Amino acid sequence: MKDLAIAILTFVLVWWVWSWPLSAYGQQHYIDSIEQRLQEMAPDSHRVNALNDLAYYLAGMDAAAAQVRAEEALALAQQLGFVRGTSKAWYMLGYALMQQGRYEEALEAAIRCRDLSAQAGLGYRLPAVWTLIGSIYRQMGRQQEALDAFLSAVELTKEWGDSLDLAYAWINLATTYIDLDQAAQAREILQRAAAIFEAYGMDRSLVETWINLGATDLPAEKKMTVLRRAIRKATELDYPSALSYAWHNLGACLLDSMGQVRPALEAYLKAIDFSRRSQDQYEEATATIDAGHAYAALGMLDSAQWHLERGLELARRLGSRQMEADALEELAALFARKGDYARAYALQEARIRLQDTLFNEQLTEKLAEANARYESEKKEARIAAQQLEIERQRNTRNLVIGLALIALLLTATILQRRYYLQRRMKERAEAEARRKAEQAALLRQLDEQKTAFFSYLAHELRTPLTLMLGPLEEALSLLRQANLERPLRTAMEQANQLLVLVNQILDMVRYDAGMLERQDKTVELDSFFAGLYDSFAAAARKKNIALEWQVAPELKAVFRVDTAKLRHICYNLLSNALKFTPPGGKVRLVARYEDHALHLSVSDTGPGIAPEARERIFERYYQTREGRARGGTGLGLAWTAELTAFLGGRIEVESEPGKGAVFHVRLPLERAGASGKMAGPERTAAEEEPAGHWQPDFVPRVLLVEDNPDMAEYVRRLLDPPMEVHHVFDGDAALQWLERHDPPDLIISDVMMPGMDGFTLRRRLADHHRWRQVPFIFLTASGAERDVLKGFALGVDDYLVKPFHPAELVARVRNAIERGRRRQTFTAAPQQDGDNGRQTLSADETLLRKAEAIVLENLDNPDFGVAQLAEALNYSKRQLSRIINRLTGMTPVEFILEIRLQKAMELLRKGQYATVAEVRYEVGIESASYFTKKFRQRFGIRPSEVRQTS
């Protein structure tokens, strides 16, 4: 008992010395003191202990120097036969090697310490050794082996019965549970450890516990509270290594739980800074990779590439295979976004090779460990057999059997307890996974309901807008010289601004759903800003506000820019400035191009912004006192900031109360190439040639499917004459009309209707042989890209979004009818057989059917062309060209390509093939770029998008 008490006391004192936090000054003072004493020490066990202590304190400051001292202690201890000193020297050597990232050598030293401590009966050292082994495995990315090691450390610590030691063991175990995504288990033991550290006043250990709690399954708000508390306390303690991990976990919480990418990036950058100060290369590597991920999420691809490549270099230097694989995967995705698919593919191959190597190494190690365990068990069994034989000779067989039974019962009890513990942990993990899945499903359902609501709202707003803008445009064209032009022009401008607001609402919905995309166009920015001035000049004059405009001459060049989103940014800033500027004041816009970026500033002479409000004006729904007084919503500036970040830019504000405000916007911008064309309203056929000038040689019949009577009457008035328009209210009524009449020359349909909607109607028509060839146009308020792609995937000829220009509608209708007539595959009517009265095909129809059959037979032959088709039909190429053009309006090349593309669309919609490439080869087109270009020209959609929408 006395020996046991001495051993326990020694363990507690050693752990207390190793765990007690010293300031940098205190550590250096202690190192200097030991160095001075070593000069006077003889080569005995006291010198071994001093060298081991010196190695420990050097490890946190100079790991290489710590290694040298540990190796010196090891050599002397082995020479003296000093077992305890040898055991501790192996421990310190492993610790120093781990700090240098030499994990394989560190693991070998730690295992030697474990085996020697077990053989020599130094049980008090085993918890710390198992903790060191677990830390090495964790940094090597071998998390399951790290978990086993830390569980062993916890079980051994419980046997000693010291609560403070147990709290330290719990922290290491919790970090591994976090790595293995078992956050619930980590949270429970960390909360218990925090209570112990708080009771003992162990501030540094308490900070580390709070940091690890920030990586568990706590709600996001609680995570933020705990991590910020840890940052404050670590700052007070001047604890850089803890600050690096705290900022890292805060960044992960902001990004993963709250979706705040830019604040997360700032946190990751602070984590990198503190990890460098604490010389923690492992933390620096992980924080650098996560910073690269955040830069990529913000669209700042060059910064993302730099950080990911830096993280990859650090991971390779540390020898952390799993971290290296993560960096390679992120870099592959980044280069794919940049369009460098060759490099992305090479990086993915490197990642796969690395993971295969890692898996094989782990498998080899486990097999070797299992073989060693098997050989050890065989040896132990042989020794036990010899002992049993000796005991049998001494007539003590019954005693041995009894002891063996007791040992077996104890082993079975321990194994059973561990089995139940693991089963309970698995059940908790499964329950937590189910709970998260249910929450995710509920959130998806809420997002879908919100998107559906706003889509319906936009549909209802766009229809009356169409009925306002169309008649206003007509009235303006008739009253150019009358006094009514100005009020009508004002009404039309306001209607257009209302349309801008409606589109802004839809963009916000798409942004929140992660579906917003850039739509860059080529444009002269000085013309863009000139049009913007016209939009606000009247409002400024009405309020007696001076509107100053300064656009730099270099903006007369052609640029690639998303004009819709830039217009939203300018519109919100200028509207805000006019709203808060009193009569007699001034609003000023300055635009210039510098360092590949557009620099905008919008200033006003309003009341300014209070200091406490400047930090929050870019938050959604936040309003200053002045904003609430003017009926603001708190959305305009927030949406402006989100759009600016989406385009890769930044926005800042300068203001003093009583001196107005200045908003600065910087957006990355590149000039268009020499061949870039100007973006703007294209002249349609209807603008070049009025609708009434189209005089077809027949009266086109149009079936209009529209549930709004006013809209239907407006479209009828635009098309009739020269067209004959028949109106029905929904898809069901359209099918009934088609059953009673001959197929029309064109069908125009809304999408969102009561009863059968437009998409369902189009599918029904495509399945019917009488109606599938009738040209079809969607005329709808649903302008979501998803709906447009879905429409073209169903084979429609055009998709027109309300509100529309009247002349544009007439032009698109005329073009659809003319294309439909040119593409009629069989133009000649069936003829009567004179002998038996049976219907037979005309000569032209027979020829076209035969030509189509020949093309289909040779569809997968990329070399099949006009020459081969002419030879099969016994015509010359010139004769075949004249006949095909007369019957279809197409050249033979266009005729063959049309059959190939129609077959490709059919195969893609049926989903018979796993990839687009297989479909392309099936229809005989070898070039991927040519296939995509022609397919998109024909159907208005990429082949890959047909697979996504089918």
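**Local geometry and helix packing in the predicted model**

At a relative accessibility of 53%, N544 counts as exposed, because the cut-off for that class is over 50%. The model in which this residue is described is predicted. N544 is located in the loop that joins α21 (525–542) to β2 (546–551). The phi angle of N544 is near 60°, a positive value in a residue that is not glycine. Most residues other than glycine have a negative phi.

A positive phi is also found at D595, where the angle is about 55° although the residue is not a glycine. D595 is placed in the loop between β4 (586–594) and β5 (597–604). With a relative accessibility of 57%, D595 counts as exposed.

Two helix pairs were examined for packing. Helix α13 (residues 240–257) packs with helix α14 (residues 261–277) at an angle of about 165°, and the two axes are 7 Å apart. Angles over 145 degrees count as roughly antiparallel, and α13 and α14 are therefore roughly antiparallel to each other. The crossing of this pair, α13 and α14, is left-handed.

In the second pair, helix α3 (residues 45–59) and helix α5 (residues 83–99) pack at an angle of about 20°, with a separation of 10 Å between their axes. This angle makes α3 roughly parallel to α5, since angles under 35 degrees fall in that class. The crossing of α3 and α5 is left-handed.

On the surface, L403, I406 and L410 make a nonpolar patch of about 310 Å². Of these residues, L403 lies in helix α19, which spans residues 397–478. L403 has a relative accessible area of 51% and is exposed. Membership of a patch requires a relative accessible area of over 30%, and the value of 51% for L403 is consistent with that requirement.

A buried position is provided by G791, which has a relative accessible area of 0%; the cut-off for the buried class is under 20%. G791 is in helix α30 (residues 785–793). The C-alpha atom of G791 is separated by 7.6 Å from that of F778, a residue 13 positions away along the chain.

With respect to accessibility, N544 is exposed at 53%, D595 is exposed at 57% and L403 is exposed at 51%, whereas G791 is buried at 0%.

How values were computed
Residues numbered from 1 in each chain as written. Predicted model: local features only at pLDDT ≥ 70, side-chain atom pairs only at ≥ 80, totals over all residues. Heavy atoms only, no water. Patch = residues over 30% accessible without salt bridge, like charges linked within 9 Å, V, L, I, M, F, W, Y side chains within 5 Å. Areas by Shrake-Rupley, 256 points an atom, 1.4 Å probe, with all protein chains shown as cover. Salt bridge = Lys/Arg side-chain N within 4 Å of Asp/Glu carboxyl O. Helix = DSSP H or I, 4+ residues; strand = E, 2+ residues; numbered from the N terminus. Buried < 20%, exposed > 50% of the residue type's maximum accessible area, 1.4 Å probe, protein only. Axes fitted to C-alpha atoms, helices over the stretch in contact; angles between N-to-C directions. Parallel < 35°, antiparallel > 145°, perpendicular 65-115°, else oblique. Left-handed = near helix turned anticlockwise from the far one by under 90°.
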